[in-house]
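This briefing goes with the sequence and structure shown below. Please read the two side by side.

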Amino acid sequence: MKHMTKAVAMLLAVCMMLGLAACGQAAPAPTEAPATTQAAAPETEAPETEAAAEKPVLLVVSFGTSYNDSREATIGAVEADLQKAYPDYEVRRAFTSQIIIDKLKERDNIDTDNVTQAMERLIADGVKEVVVQPTHVMPGFEYDDMVKEVSTFADKFDKLTISKPLLTDNEDYDRLAAALVKETAEYNQEGTAIVFMGHGTEHESNSTYARMQKRFAALGYNNYIVGTVEATPSLEDVIGIAKESGAKKVVLLPLMVVAGDHANNDMAGDEEGSWKTEFEKAGFEVECVLKGMGQYEDVRKMYIDHAAAAMEGQKPVLLAVSFGTSYNDSRDITIGAVEAALQEANPDYQVRRAFTSQIIIDILNERDGLAIDNVTQAMDRLVADGVKEVVVQPTHVMAGFEYDDVMKEIESYKDKFDSMKIGSALLVEDTDYTNLAKILVDETKDYVADDTAIVFMGHGTEHEANATYAKLQETMNKEGYKNYIIGTVEATPSLEDVIAMAKEAGVKKVVLLPLMIVAGDHANNDMAGDEEGSWKTEFEKAGFEVECVLKGMGQYPGVQQMIVDHAAAAK
């Protein structure tokens with residue numbers, strides 16, 4: 001009996017131990033946050049150990065929707081893709097619409113944090129690093145309010161970064177246009193207008209819709225129309241555009257992340273006044289597609305890339321400052337090529353763009369829906385983005401008025417950064433002149449002949465830096481590059497001076513090229529134009545055979561390298 005009692009006791013002890021272990025496995029971890037604060041996916045549940053609690057969080061902030069199916073197919077899909085892209089982060093959810101939060105709680109007993117609740121939960125959970133990724137389409141009132149709300153918690157974390165909404169930079173508009181065209185390819189037929197309905201706002205960011213329309217047009221998608229429910233372009237505007245296009249059918253889709261109340265009722269509803277019924281009244285065949293943009297893979301990829309940029313928020317910036325041009329093709333292969341060379345040479349920096357010509361900035365915005373910062377806007381954006389280290393690299397040919405203005409503008413920002421360096425203009429040191437002379441000769445070697453003068457047209461200025469042109473001519477002569485002539489449009493050497501030099505050289509032909517980074521308005525009109533007074537027509541009048549080469553110096557790899565070297569010297 002004694003032995004039997006011992007055995008039973010041992011068995012009971014083992015059973016008790018097993019039972020306790022089982023109970024421990026079944027109990028929730030003490031640090032687990034409510035599942036409703038997560039991205040509605042099991043793999044994003046809060047960590048179960050103190051070490052895991054230090055995992056950085058990617059807080060996805062959306063307006064929200066009470067349409068459950070659309071919410072999971074759109075916001076849920078964005079969150080799931082973000083979690084997959086960033087497994088080292090815990091993805092959590094917050095909504096900005098308290099009305100929707102309350103409705104989900106009342107109707108479905110679903111708890112969703114608003115922004116303040118989400119931030120307080122992060123603090124309570126001991127999170128040290130947070131990236132906030134909004135799913136808002138534009139930086140409007142909802143986004144502004146979210147930024148203000150989040151910013152009050154900045155001192156509670158080691159690192160808090162706020163990412164941008166869907167449409168901010170020019171690249172965003174091009175990417176979204178391409179994504180929407182791809183997703184609607186089956187509807188894109190002759191006689192059909194594809195109409196996107198946005199929300200609309202009294203905020204200045206309502207210009208987003210006009211800008212999106214311009215991007216569609218600039219990219220050749222002329223049967224794509226953008227309108228809004230609550231602002232402009234209005235439904236009446238959109239119907240007018242559709243009539244003008246000659247379309248007989250319209251396909252209606254929401255320009256919204258979710259296909260919620262506006263999409264189901266204002267757009268596709270059968271009630272009086274909906275877009276569907278109003279288009280039908282106007283004589284169109286109508287098809288409605290209840291698909292939020294969050295369902296599009298390419299749109300979700302945009303959010304992933306925005307989050308990546310936010311995670312690299314402290315990356316130093318190399319700001320390339322150019323005069324600018326309204327000639328799109330030339331801009332991409334000159335200024336764009338210089339910027340690409342700077343990025344390749346400085347992979348640890350983010351290269352950004354600013355133009356000094358407000359006239360060109362305004363033309364591009366009005367005509368093409370392209371938004372480009374002036375210098376002050378670019379510097380303000382750097383400060384707002386929390387950038388600590390900046391190199392400003394001008395692409396100006398000389399240190400003239402434009403360059404001086406850049407220096408004055410950025411001077412007031414010096415104390416806003418840990419480090420701010422400024423690169424020199426293209427032609428400053430003696431070696432710059434020698435290098436550029438060799439590059440110009442190499443780039444024009446195919447035109448060299450005894451009876452030919454190669455004539456470069458610079459801009460010219462009343463600034464003392466106009467001496468740059470005479471010095472470059474002197475360098476050309478000193479290096480033995482005969483028959484190379486330098487002139488200016490607006491100063492000296494003048495066109496008359498240059499024609500006289502060509503006559504004195506005894507040549508019969510001139511090849512005209514711009515001594516400018518871009519081949520823009522001056523190159524196309526003042527140099528190569530067929531109008532009276534252009535360099536081309538005046539040289540022809542003087543008896544010369546004329547060939548024009550519309551190639552900006554930004555296209556020359558050697559010039560790109562000079563600018564790269566100037567940025568490196570500044571660093």
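The points below cover two sheets, the helices on them, a helix pair and aromatic contacts.

The model is predicted. One open sheet of 4 strands has the order β2-β1-β3-β4, and another open sheet of 4 strands has the order β6-β5-β7-β8. A search of the whole structure also finds 9 aromatic pairs.

**Sheet β2-β1-β3-β4**

- The pairing in this sheet is parallel.
- Its edge strands are β2, residues 90-95, and β4, residues 159-162, and each of them pairs on one side only.
- From one strand to the next, the twist averages 20°.
- Strand β3, residues 129-134, pairs with β4 in the parallel sense, and 4 bridges join them. Within this pairing, V132 has I162 of β4 as its bridge partner.
- Helix α3, residues 75-85, packs on the sheet and touches β1 (57-62), β2 and β3. The direction of α3 makes about 155° with that of β2.

**Sheet β6-β5-β7-β8**

- Here too the pairing is parallel.
- The edges are formed by β6 (224-228) and β8 (285-288), each of which pairs on one side only.
- The twist of this sheet averages 25° from one strand to the next.
- Strand β7 covers residues 249-254 and pairs with β8 in the parallel sense over 4 bridges. V251 stands opposite E287 of β8.
- β5 and β7 are joined by 6 bridges in the parallel sense, with T192 opposite K249 of β7.
- β5 and β6 run parallel and are joined by 5 bridges. The bridge partner of V195 in β6 is I225.

**Strand β5 and its surroundings**

- Of the 7 residues of β5, 7 are buried, so the strand is largely enclosed by the rest of the structure.
- T192, I194, F196 and G198 point one way from β5, while A193, V195 and M197 point the other way; all are buried.
- Helix α8, residues 207-218, lies across β5 (192-198) and β6, and runs at about 180° to β6.
- Helix α9, residues 235-245, lies across β5, β6 and β7, and runs at about 165° to β6.
- F196 also belongs to one aromatic cluster, together with F216, Y221 and Y224.

**Helix pair α16 and α17**

- The axes of α16 (residues 375-384) and α17 (residues 401-411) come within 10 Å and cross at roughly 30°.
- This crossing of α16 and α17 is right-handed.
- On α16 the contact is made by V375, T376 and M379, and on α17 by V406, E409 and I410.
- By class, the contact between these helices has 4 nonpolar, 1 polar and 1 charged residues.

**Aromatic pair F539 and F544**

- A pair of aromatic rings is described by the distance of the centres and the angle of the planes.
- The rings of F539 and F544 lie 5.5 Å centre to centre, with 75° between the planes. The pair counts as edge-to-face because the angle between the planes is over 60 degrees.
- F539 is buried, with a relative accessible area of 0%. F544 has 8% relative accessibility and also counts as buried, because the cut-off for buried is under 20%.

How values were computed. Residues are numbered from 1 along each chain as its sequence is written. This is a predicted model: local features need pLDDT of at least 70, side-chain atom pairs count only at pLDDT 80 or more; totals for chains, interfaces and linings use all residues. Side-chain values use heavy atoms; hydrogens and water are left out. Two strands pair if DSSP finds at least two bridges between them. Helices (H or I, at least four residues) and strands (E, at least two) are DSSP runs, numbered from the N terminus. Axes are lines fitted to C-alpha atoms, for helices over the stretch in contact, and angles run from 0 to 180 degrees between N-to-C directions. Contact means heavy atoms within 4.5 Å. A crossing is left-handed if the near helix is turned anticlockwise from the far one by less than a right angle, and right-handed if clockwise. Ala, Val, Leu, Ile, Met, Phe, Trp, Tyr, Cys and Pro count as nonpolar, Asp, Glu, Lys and Arg as charged, and the others, Gly among them, as polar. Rings of Phe, Tyr and Trp (its six-membered ring) pair if their centres lie within 6.5 Å; planes under 30 degrees apart count as stacked, over 60 as edge-to-face and the rest as tilted. Buried means under 20% relative accessible area, exposed over 50%, partly exposed in between (1.4 Å probe, protein chains only).
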